[in-house]
Amino acid sequence: MLVGSQTWEFKRPPTILSTGTVGGPFEAKGQLTAYFDQLYDDIRCGQKTFEQANQIMLETACNLAINKSDIPKEQVQFLIAGDLTNQMTPTNFAASTLQIPFIGTFNACATSMESLALAANLIDSGAASSILTGASSHNAAAERQFRYPTEYGAQKPDSAQWTVTGAGVGLISNTGNGPKITSATLGKVIDMNMTDPFNMGGAMAPAAMDTITIHLKDRGIDASYYDAIITGDLAKVGRSILLDLAKEQNITLREDTLLDCGLMIYKDDQKVFAGGSGAGCSAVVTYGYVINQLKQKKWNRLLIVATGALLSPLSVQQKQSIPCIAHAVSIENEVKS
Amino acid sequence: MNHSPSTSKNNYKQIAQKKDPKRPLVKNCIRAFLIGGAICTIGQCISFFYMYFFNFTEQTVGNPTTATLIFLTMLLTGFGFYDDIAQFAGAGTAVPVTGFGNAVISAAIEHRSEGFVQGVGGNMFKLAGSVILFGVFSAFVLALIKTILLELGVI
């Protein structure tokens with residue numbers, strides 16, 4: 001049901017039944033190793049190309065999520081997913097293997113929450129009873145498409161980010177136990193004329209601010225309603241800008257409860273510049289660590305705000321600005337009354 | 001956001017610029033000088049080696065030296081070390097001929113997955129092609145100027 005200008009509140013909040021998270025060798029050395037279901041020690045996952053590796057990771061994550069639930073694959077009505085590679089190549093091939101009716105989504109690194117919001121709405125409206133949703137990315141596949149060949153020696157500035165190699169998937173259902181998706185706010189494209197593709201956090205922060213502001217207003221709540229607000233991949237630069245913007249807008253975002261997936265996934269000594277990014281970043285952190293913490297009741301009300309820089313190699317070369325978007329989904333534990 | 005978009009865009013650029021971590025220019029220059037200098041020193045050693053043990057002169061030793069440096073770059077690129085050194089060295093690894101070699105070799109490796117003709121062949125000069133184009137063109141222009149000046153008897 002639409003509340004306010006661009007927020008859905010779900011009358012029968014869909015459940016995140018089970019999750020599947022897969023990561024690459026660099027993620028295996030990271031901070032959240034314990035929350036991955038499977039970690040590959042080979043960047044190609046035994047495949048010939050990086051794109052196929054991305055596909056295999058997504059397939060594996062999907063199968064893991066299905067196997068962990070008691071819903072057989074045949075009863076999953078839709079797969080809503082996307083990635084960063086041209087025309088979502090890896091996801092298209094994974095959907096071909098999985099043989100689940102497929103809705104492809106692309107909002108760069110905001111794909112995870114875009115997909116989750118759509119899945120929740122389809123389930124809430126009765127259009128489906130169980131949906132598999134997620135996002136994936138591959139560091140080397142993203143490097144070669146958006147930047148330079150992986151082995152090319154170009155120096156990156158400290159504001160750059162590191163694309164996560166991984167796939168995170170959730171199985172969303174209208175029944176069962178687990179964290180509930182209570183609302184979702186789909187963001188507008190915000191373009192602040194930022195042009196540096198090596199500072200995406202700085203470009204995306206205003207989009208996150210816009211979506212958070214509208215989400216709170218639409219639901220008529222204060223930021224303190226949530227135990228934590230977790231942004232997708234603003235990393236160091238974007239997060240610190242977001243804190244400043246919030247002050248300007250008189251929204252209290254607390255230093256200790258505003259978290260960022262891009263800052264959670266890796267260890268401090270891993271050289272990832274400002275932090276992690278990529279469609280897989282918010283997906284693996286949300287469906288791995290965050291859902292786990294919700295299940296353990298360490299958190300009960302969360303707002304996940306996935307942020308996406310909607311640039312393309314073409315737009316960068318043609319010296320266009322970076323349009324950005326953020327989608328927010330609130331995930332809460334059921335409060336027994 | 002409820003303020004007018006044009007002013008907020010300008011304001012935002014300033015906010016964002018303040019938060020953009022400063023690029024350490026002096027540190028980068030020192031690193032580039034040290035690593036770039038080291039590469040040139042290695043090149044000089046290779047030159048002396050060819051001149052001492054083989055029949056090369058100072059005029060002719062350039063080509064085998066360049067080829068050797070590019071061969072070493074190929075190994076470092078193929079085994080995945082060159083980009084790590086480059087992150088540290090910046091211009092130090094980009095400016096010498098090793099940077100050119102790395103641009104060609106990394107593109108060739110990257111596009112191997114699309115086959116030898118359309119992949120490797122079509123893309124290996126993707127990054128280095130403009131170096132060749134503008135290098136050849138500027139050499140042509142300089143030669144033209146020199147020829148004209150010689151004909152006019154200026155030099």
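How many residues does the contact take from chain B and from chain A? The views below get to that after a look inside chain A.

This is a predicted model, where local features need pLDDT of at least 70, side-chain atom pairs count only at pLDDT 80 or more, and totals for chains, interfaces and linings use all residues. Residues are numbered from 1 along each chain as its sequence is written, while chains are lettered from A and ligands numbered from 1 in the order in which they are written.

**View 1. The two domains of chain A.** Chain A splits into domain 1 (2–173) and domain 2 (180–332), with bounds from an automatic or database domain assignment. Going by C-alpha atoms, their centres sit 17 Å apart.

**View 2. Where domain 1 of chain A meets domain 2.** Here 59 residues of domain 1 and 60 of domain 2 join the contact (C-beta atoms, placed from the backbone, within 7 Å). Elements giving two or more residues on the domain 1 side include strand 3 (15–23), helix 3 (111–124) and strand 7 (130–137) of chain A; helices are DSSP runs of H or I, at least four residues, and strands are runs of E, at least two, numbered from the N terminus. Helix 3 has the largest share, 7 residues.

**View 3. Chain B against chain A.** Back to the opening question: chain B puts in 29 residues and chain A 26. On the chain B side, helix 1 (5–19), helix 4 (82–89), helix 5 (91–94) and helix 6 (97–110) each give two or more. Helix 6 of chain B takes the largest share, with 7 residues.

Technical notes
Two residues are in contact if their C-beta atoms, placed from the backbone, lie within 7 Å.
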